[in-house]
Amino acid sequence: MSLLIENVAIAPVAGPEIESGYIWIEGDRIVALGPGAADVPGLARGSGDPDVVRVDGTGCLATPGLVNTHHHLYQWASQGLAQDATLFEWLVALYQVWAAMDADVVKGAASAGLGWLALSGCTTSSDHHYIFPKGRGDLFAAGIEAAREIGIRFHPARGSMDRGQSHGGLPPDAVVEELDDILAATAEAVDAYHDPSFSSMLRVVVAPCSPFSSSAELMTESAALARAKGVRLHTHLAETLDEDEHCLAQFGLRPVDYMEKLDWLGPDVWFAHAVHLSDADIGKLAATGTGSAHCPSSNGRLGAGIARVSEMLRRGANVGLGVDGSASSELTPLAGEMRQTLLFQRARYGPAALTARQALELATLGGARNLGREAEIGTLEPGKLADIALWRMDGPFTSAVADPVCALVFGPPPPLARVLVGGRTVVEDGELKTVSQDAAGRAGAEARRRLLRLAEDRGFRAVKEVHHH
Ligand SMILES: [Zn+2]
């Protein structure tokens with residue numbers, strides 16, 4: 001099957017932008033793109049060829065599909081709680097709710113969360129799942145099943161925590177696992193699901209949760225496991241000043257120095273947040289090729305701070321974007337994080353801090369680099385996978401901006417004419433095509449009801465308790 005998008009503006013992220021041109025797709029790959037009318041051998045067969053689907057892109061902007069590099073899909077079921085809390089207060093309030101989750105909660109939450117991502121132009125998402133209550137079904141598999149149904153490229157991270165309160169950590173002992181169990185389950189997850197191929201729809205990541213919930217031994221053993229298996233490493237780092245204090249008090253080191261000591265800097269690692277970095281920290285990330293996932297809405301919601309993104313970019317450190325879990329970033333559309341990033345950086349550093357093009361690059365190529373997939377996705381180029389967002393720029397309230405990339409980043413996310421993942425249509429005219437959009441949304445609402453019911457069964461008293469934490 002071939003697909004030809006014609007008469008479309010193209011912001012390929014790599015190479016020059018095209019005011020009006022075409023993208024030619026065969027199977028799951030981009031074969032050619034360029035200005036004007038398609039000039040490719042296969043097209044000689046003409047529009048009468050039943051194997052060629054033609055899409056008129058008039059009025060649309062094509063960009064690479066957006067890449068989300070930090071999320072906790074299960075949190076769809078716990079949105080709107082602990083609304084005015086700091087990160088540590090928020091976590092302490094919510095651990096007790098999350099302890100009650102089961103595979104049904106995860107499946108429903110992931111269906112809604114991934115559907116929502118696709119509806120904001122996202123074609124690849126990671127998911128950091130780090131709470132695995134015993135006897136509650138296969139939570140890791142539940143997220144994977146949802147991703148397969150939605151049709152999004154998925155990088156689930158097998159997260160973990162082994163440092164409960166009795167060992168100086170933040171989470172209650174009830175939500176942590178034993179080190180040996182974690183390593184066995186993580187190895188099993190990689191063996192069962194990880195697909196290293198070029199077209200891979202699923203790659204597994206190894207991801208102890210954070211310095212304040214995972215032991216040093218879990219961190220080093222996880223790094224060794226990931227490197228033996230050839231998969232990537234992810235964790236939360238330097239999100240808040242509370243974490244800085246915790247690391248200094250417990251380990252005598254600030255977060256990045258602690259990670260360096262644990263062999264956790266390198267081109268196979270990306271950190272979520274990386275808000276509170278010193279000049280030396282930024283230098284270490286740049287020198288080692290360590291990436292980070294900037295999650296501005298979540299950082300804003302929790303009052304965590306503003307990451308030094310424009311300085312990191314200037315010094316050569318890779319940055320991608322993430323929406324973060326829906327409990328700290330309610331209904332955040334990934335496309336909107338480009339704007340949020342741009343505004344935060346300019347508010348902190350002035351209007352030259354970040355351009356619209358740079359923001360688009362963070363959301364696409366920067367994300368692909370975090371996931372180790374810059375050869376396959378993140379730009380529109382011949383030979384790369386056909387992961388494409390087609391933004392409709394000509395609606396009735398069309399932006400009065402002549403530059404479509406500016407309109408995409410400075411304005412609210414425009415409607416989507418189409419989202420392709422490996423050439424397959426996942427969204428068309430603003431609607432999910434792979435699954436029932438209503439059913440995905442309802443599954444998310446049901447997951448919330450179920451989680452709160454399960455939490456109450458376990459003695460969690462009432463939702464208002466976490467509101468007034
Ligand atoms: Zn997170």
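**Close-up 1. Tyr130 and its aromatic partner Tyr74.** In this predicted model, Tyr130 is buried, with a relative accessible area of 3%. Tyr74 is likewise buried, at 1%. The two tyrosines form an edge-to-face aromatic pair, with 5.9 Å from centre to centre and 80° between the planes. The pair joins distant parts of the chain, 56 residues apart: Tyr74 belongs to the loop between β6 and α1, and Tyr130 to the loop between β7 (122-129) and α3 (139-150).

**Close-up 2. The aromatic pair of Tyr95 and Trp98 in helix α1**. These residues are three positions apart, about one turn of the helix. Their ring centres lie 6.2 Å apart with the planes at 85°, so the pair is edge-to-face. Tyr95 is buried, with a relative accessible area of 1%, and Trp98 is buried at 0%. Together with Tyr74, Trp90 and Tyr130, these two residues form one aromatic cluster.

**Close-up 3. The zinc site.** The protein donors of the zinc ion are His70 (NE2), His72 (NE2), His236 (NE2) and Asp324 (OD), at 2.0 to 2.5 Å from the ion. Angles among the four donor atoms span 88 to 177°, and the site is irregular. Along the chain, the donors follow the spacing H-x1-H-x163-H-x87-D. His70, in the loop between β6 (66-68) and α1 (87-98), and Asp324, in the loop between β13 (319-321) and α11 (334-349), are 254 residues apart. His70 is buried, with a relative accessible area of 0%, and Asp324 is buried at 4%.

**Close-up 4. Arg158 over the face of Phe132**. Arg158 lies at 3.7 Å from the ring centre of Phe132.

Definitions and conventions: Residues numbered from 1 in each chain as written. Predicted model: local features only at pLDDT ≥ 70, side-chain atom pairs only at ≥ 80, totals over all residues. Heavy atoms only, no water. Donors = N, O, S within 2.8 Å, 3.2 Å for Na, K, Ca; no water. Tetrahedral: all angles 85-135°; square planar, octahedral: opposite > 155°, others 65-115°. Helix = DSSP H or I, 4+ residues; strand = E, 2+ residues; numbered from the N terminus. Buried < 20%, exposed > 50% of the residue type's maximum accessible area, 1.4 Å probe, protein only. Phe/Tyr/Trp six-rings, centres within 6.5 Å; stacked < 30°, edge-to-face > 60°. Lys NZ or Arg CZ within 6 Å of the ring centre and 35° of its normal.
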